[in-house]
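Colleague: I am new to this structure and would like to go through its charged pairs and its nonpolar cores. Please show it to me before we start.

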Amino acid sequence: SAAGRRFRYLSRPGIRDRPGLTGTTVGNMTSWKEFADAAPRIATTFVRRHTATGNLCMLGTLRSDGFPRISPMEPRFFEDELWISGMPNTTKFNDLARDPRFCLHTATVDTHVGDGDAKLWGVVEDVQDKALHRRFAEALYEQTGFDIRGQEFEHCYRADLVGASAVEVDDGHLDITVWKPGESEHVVRKH
């Protein structure tokens, strides 16, 4: 389970020496399937917005100088997990190799948030499993026609979630749904 992966993250060389991580723990981490079961309202909003934008999301990472970076990307759902993968040798993936923390936000242009929006945050793990890469490439080809079959994957990041939120406008109110591992999602209504 994702909760067991927490210890691999915390034991990575130098992880506790990074700014903002000294004395901190990540807490329980959750796979996409575990998250979708525990927070169905947020998961539904994320999937709806992800689909509506052609899978486009905005990925937040930390640059080597500590400043945030925002990058467009297309995360994928595969084998009950959320995967952050893409073109090799990009700065966003270099960021994740150095510091696996991320934030993923559904892309929106609607200032009234009529269709909602969602944010996920967590850490990634670079899964170097060639059989999984082959299955992923085959599924991607079947779904999109984009052919990366037979190519080596420099990085293939599985997302483990440590928190999420979604906003929706409901009957003139702004509903903010919040979730953390081990807790039920709950709604905060703003008037």
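Modeller: A salt bridge here is a side-chain nitrogen of Lys or Arg within 4 Å of a carboxyl oxygen of Asp or Glu. Please keep in mind that this is a predicted model.

Colleague: How many salt bridges does the structure hold?

Modeller: A pair counts when the nitrogen and the carboxyl oxygen lie within 4 Å. By that rule, the number of salt bridges in the structure is 17.

Colleague: Which residue meets Asp115 in a salt bridge, and is that partner buried or exposed?

Modeller: The side chain of Asp115 meets that of Arg49, at 3.3 Å from N to O. The two come from distant parts of the chain, 66 residues apart: Asp115 is in the loop between strand S5 (101-106) and strand S6 (117-126), and Arg49 is in helix H3 (residues 40-52). Asp115 has 31% relative accessibility and so counts as partly exposed. Buried means under 20%, and the partner has a relative accessible area of 10%, so the answer is Arg49, buried.

Colleague: How many residues apart are Asp170 and Arg189?

Modeller: Their side chains meet in a salt bridge of 3.1 Å, N to O. Asp170 is in strand S7 (residues 157-170) and Arg189 in strand S9 (residues 186-190), which puts them 19 residues apart.

Colleague: Why does Asp170 count as partly exposed?

Modeller: Partly exposed covers the range between the buried limit of 20% and the exposed limit of 50%. Asp170 falls in that range because its relative accessible area is 37%.

Colleague: Which residues are linked with Asp115 and Asp170 in a network of salt bridges?

Modeller: Two of the partners have already come up, Arg49 with Asp115 and Arg189 with Asp170. The full network joins Asp115 and Asp170 with Arg41, Arg48, Arg49, Glu168, Asp175 and Arg189.

Colleague: Now the nonpolar side. Which element gives the most to the largest nonpolar core?

Modeller: This core has 24 residues, and Phe35, Ile84, Phe102, Leu104 and Leu120 have the most contacts inside it. Elements that give two or more residues include helix H2 (32-38), strand S1 (57-62), strand S4 (81-84) and helix H4 (91-98). The element that gives the most, with 5 residues, is S7.

Colleague: Leaving aside neighbours within four places in sequence, which residues is Phe35 in contact with?

Modeller: Phe35 is among the core residues with the most contacts inside the core. Beyond its sequence neighbours, its contacts are Thr30, Ile42, Ala43, Leu120, Leu161, Ala164 and Trp179.

Methods. Residues are numbered from 1 along each chain as its sequence is written. This is a predicted model: local features need pLDDT of at least 70, side-chain atom pairs count only at pLDDT 80 or more; totals for chains, interfaces and linings use all residues. Side-chain values use heavy atoms; hydrogens and water are left out. Helices (H or I, at least four residues) and strands (E, at least two) are DSSP runs, numbered from the N terminus. Buried means under 20% relative accessible area, exposed over 50%, partly exposed in between (1.4 Å probe, protein chains only). A nonpolar core is a set of buried Ala, Val, Leu, Ile, Met, Phe, Trp, Tyr and Cys residues joined through side-chain atoms within 4.5 Å. Contact means heavy atoms within 4.5 Å.
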